[in-house]
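Visitor: I would like to learn how to read a structure like this one. Could you walk me through it?

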Amino acid sequence: MKVNMHEAKSKLSALAEKVWEGETVVIAKAGKPYVDLLPHREGRRPRKPGRFKGRIRIADDFDRTPEDVVKAFEGEG
């Protein structure tokens, strides 16, 4: 469902109910999507960096591009 900013201001309670029922509500400004109305969810924890430390391995040649791939991109192959 897409509503303009003025309509969203005057019908916020009804729109919030629709969101809680699972409907997607997009609020538009000047006819273009501006914001999404989303339900609040308790219990979201902040992201903790380093959660996968020691579990991910990157190959030694990860940043080396094979010569045949370079030639293909340059139109030589």
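**Reading the model step by step**

Guide: Let us begin with one residue: arginine 45 counts as exposed, because its relative accessibility is 76%. Buried means under 20% relative accessible area, exposed over 50%, and partly exposed in between (1.4 Å probe, protein chains only). Before we go on, note that this is a predicted model, in which local features need pLDDT of at least 70, side-chain atom pairs count only at pLDDT 80 or more, and totals for chains, interfaces and linings use all residues. Residues are numbered from 1 along each chain as its sequence is written, and side-chain values use heavy atoms, with hydrogens and water left out.

Visitor: Which helices and strands should I look for, and in what order do the elements run?

Guide: Helices (H or I, at least four residues) and strands (E, at least two) are DSSP runs, numbered from the N terminus. Here the protein chain has three helices and three strands, and from the N terminus on they follow the order β-α-α-β-β-α. With a radius of gyration of 24 Å, well over the 11 Å that the globule rule gives for 77 residues, the chain is more spread out than a compact globule. That radius is taken over C-alpha atoms, and the globule rule is 2.2 Å times the number of residues to the power 0.38. The C-alpha trace spans about 60 × 40 × 20 Å along its principal axes.

Visitor: What share of the 77 residues is buried?

Guide: Buried residues make up 12% of them.

Visitor: How do I read a surface patch, and where does arginine 45 come in?

Guide: Patches are made of residues with over 30% relative accessible area and no salt bridge; like charges are joined within 9 Å, and nonpolar side chains (Val, Leu, Ile, Met, Phe, Trp, Tyr) within 5 Å. Lys and Arg count as positive and Asp and Glu as negative, while His and the chain ends are not counted. The place of a charge is taken as NZ of Lys, CZ of Arg, CG of Asp or CD of Glu. Areas come from the Shrake-Rupley method with a 1.4 Å probe, and for residues only the protein chains shown count as cover. In this model, Arg45 joins Arg47, Arg51 and Arg55 in a positive surface patch. Arginine 45 sits in the loop between strand S3 (32-37) and helix H3 (67-73).

Visitor: Which residues make the negative patch?

Guide: Look for Glu67, Asp68, Glu74 and Glu76. Glutamate 67 belongs to helix H3 and counts as exposed because its relative accessibility is 51%.

Visitor: And which residues make the nonpolar patch?

Guide: Phe52, Ile56, Ile58 and Phe62 make a nonpolar surface patch of about 490 Å². Isoleucine 56 lies in the loop between S3 and H3, and at 59% relative accessibility it counts as exposed.

Visitor: How many salt bridges are counted?

Guide: A salt bridge is a side-chain nitrogen of Lys or Arg within 4 Å of a carboxyl oxygen of Asp or Glu. The count here is one. Lysine 11 pairs with glutamate 7, and their closest N and O atoms are 3.6 Å apart. Lysine 11 is partly exposed at 44% relative accessibility, and glutamate 7 is partly exposed too, at 27%.

Visitor: What is the phi of alanine 30?

Guide: Alanine 30 is not a glycine, yet its phi is positive, about 60°. You will find alanine 30 in the loop between strand S2 (25-29) and S3, exposed at 81% relative accessibility.

Visitor: How far from alanine 30 is glycine 43, in sequence and in space?

Guide: They are 13 residues apart in sequence and 35 Å apart in space, C-alpha to C-alpha. Glycine 43 is in the loop between S3 and H3.
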